[in-house]
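Please open the model in your viewer and keep a selection panel at hand. The tour below moves from the whole chain to single residues, and each stop says what to select.

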Amino acid sequence: MPASHLVDGVLDSGTDLYATSLDVFGRMAAASGILVNTFEALESSAVAALRDGRCLPDRATPPVYCFGPVAAEAGEQEERHPCLPWLDAQPERSVVFLCFGSRCTVSLEQIGEMAGGLERSGHRFLWVLRAPPASSASAAGEPDEALSHLPEGFLSRTADRGLVVTASSWVPQVEVLRHASTGAFVTREPLRMELDAGGDGRRRANGVLAVGSRAVDEQGVHRGGAGRLAWR
């Protein structure tokens, strides 16, 4: 697995998270079995690699059991998040949802590339934006700090079809993914968001397009793919 596919925290050998992750990974081989929240039809090659011992060539691999899909249900909220009324006003399956989770960040260059692709595409979008870790420490924690990394004039030029929410503001991901206006999602955790979008497959049958981690890092950003999103 390329290092670029791992979460940022395990790439620095000097952190506690790195040491803990290595310890957990080492203990997995001694388990009586491994439960995975997926199903074979969705990730048959990955499941086969685990079961065939390709991930642990020097020792026996514990039995692997697929028990998914299991996804969180949207809970009752006292007030709706402001992004939901905005989605209500958009046409069905017209919005691209961009969200990279709390453990992964994108670089300043990638933010600029995605902003350019979204603007050129003409598509409606909802973007949960998180500032890169290398941002100014003096601005850390400020609500508008992440927005300052967008290209100049981007927000005003896309105000009629886009909404950018900073990651410091919680977004109800399950509700967004299952909203009728959501037509595609861009993420570095495609399986998790597919499950949230509707683990029974109903939303996939309705034509929701998923762009996963490698597509974002190598194709969606660097090859301008964010400007070429399409629906079935």
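What follows is a sequence of selections, with a description of what is found at each.

**Before selecting anything**

This is a predicted model, in which local features need pLDDT of at least 70 and side-chain atom pairs count only at pLDDT 80 or more, while totals for chains, interfaces and linings use all residues. Residues are numbered from 1 along each chain as its sequence is written, and side-chain values use heavy atoms, with hydrogens and water left out.

**The whole protein**

Display the whole protein as a cartoon: it has nine helices and seven strands, where helices (H or I, at least four residues) and strands (E, at least two) are DSSP runs numbered from the N terminus. Of the 232 residues, 37% count as buried; here buried means under 20% relative accessible area, exposed means over 50%, and partly exposed lies in between, with a 1.4 Å probe and protein chains only. Switch to a surface, and the accessible area comes to about 13200 Å², with 52% of it belonging to carbon and sulfur atoms; such areas come from the Shrake-Rupley method with a 1.4 Å probe, and for residues only the protein chains shown count as cover. Among contacts (heavy atoms within 4.5 Å) between residues at least 6 apart in sequence, 73% join residues at least 24 apart.

**Paired strands**

Select strand E6, residues 182–186, where five of the five residues are buried. Add strand E3, residues 95–98, which runs parallel to E6 and is joined to it by four bridges; two strands are taken to pair if DSSP finds at least two bridges between them. One bridge to locate is that of Val95, whose partner in E6 is Thr182.

Move next to strand E5, residues 162–166, which is largely enclosed by the rest of the structure, because four of its five residues are buried. Strand E4, residues 124–129, runs parallel to E5, with five bridges between them, and Val128 has Val165 as its bridge partner in E5. Leu129 also lies in strand E4 and is buried, at a relative accessible area of 1%. Measure from Leu129 to Leu150, and the C-alpha atoms should be 9.5 Å apart, although 21 residues separate the two in sequence.

**Strand E1 and the loop after it**

Select Val36 in strand E1, a partly exposed residue with a relative accessible area of 24%. Leaving aside residues up to four places away in sequence, Val36 touches Val64, Tyr65, Cys66, Phe67 and Gly68. The C-alpha atoms of Val36 and Val64 are 7.3 Å apart, with their positions 28 residues apart in sequence.

Thr38 is placed in the loop between strand E1 (34–36) and helix H2 (44–51). Is Thr38 buried or exposed? Thr38 is buried, with a relative accessible area of 1%, and its side chain makes a polar contact of 2.9 Å with that of Glu43. A polar contact is a pair of N or O atoms within 3.5 Å; within protein, one must be able to donate a hydrogen and the other to accept it, and residues adjacent in sequence count only if both atoms are side-chain atoms.

**A positive phi**

In the loop between helix H3 (83–88) and E3, find Arg93, whose phi is near 55 degrees, a positive value in a residue other than glycine. Most residues other than glycine have a negative phi. Arg93 is partly exposed, at 34% relative accessibility.

**Salt bridges**

With a salt bridge defined as a side-chain nitrogen of Lys or Arg within 4 Å of a carboxyl oxygen of Asp or Glu, the count comes to seven. Begin with Arg27 and Asp23, whose side chains meet at 2.9 Å, N to O; both lie in helix H1, four residues apart, about one turn of the helix. Arg27 is exposed at 56%, whereas Asp23 is partly exposed at 41%.

Then select Arg157 and Glu119, a salt bridge of 2.5 Å, N to O. Arg157 lies in helix H5 (residues 154–157) and Glu119 in helix H4 (residues 108–121), so the pair ties together parts that are 38 residues apart in sequence.

Finally, select Asp52 and Arg54, a salt bridge in which the closest N and O atoms are 3.2 Å apart; Asp52 is exposed at 56% relative accessibility, and Arg54 is exposed at 53%.
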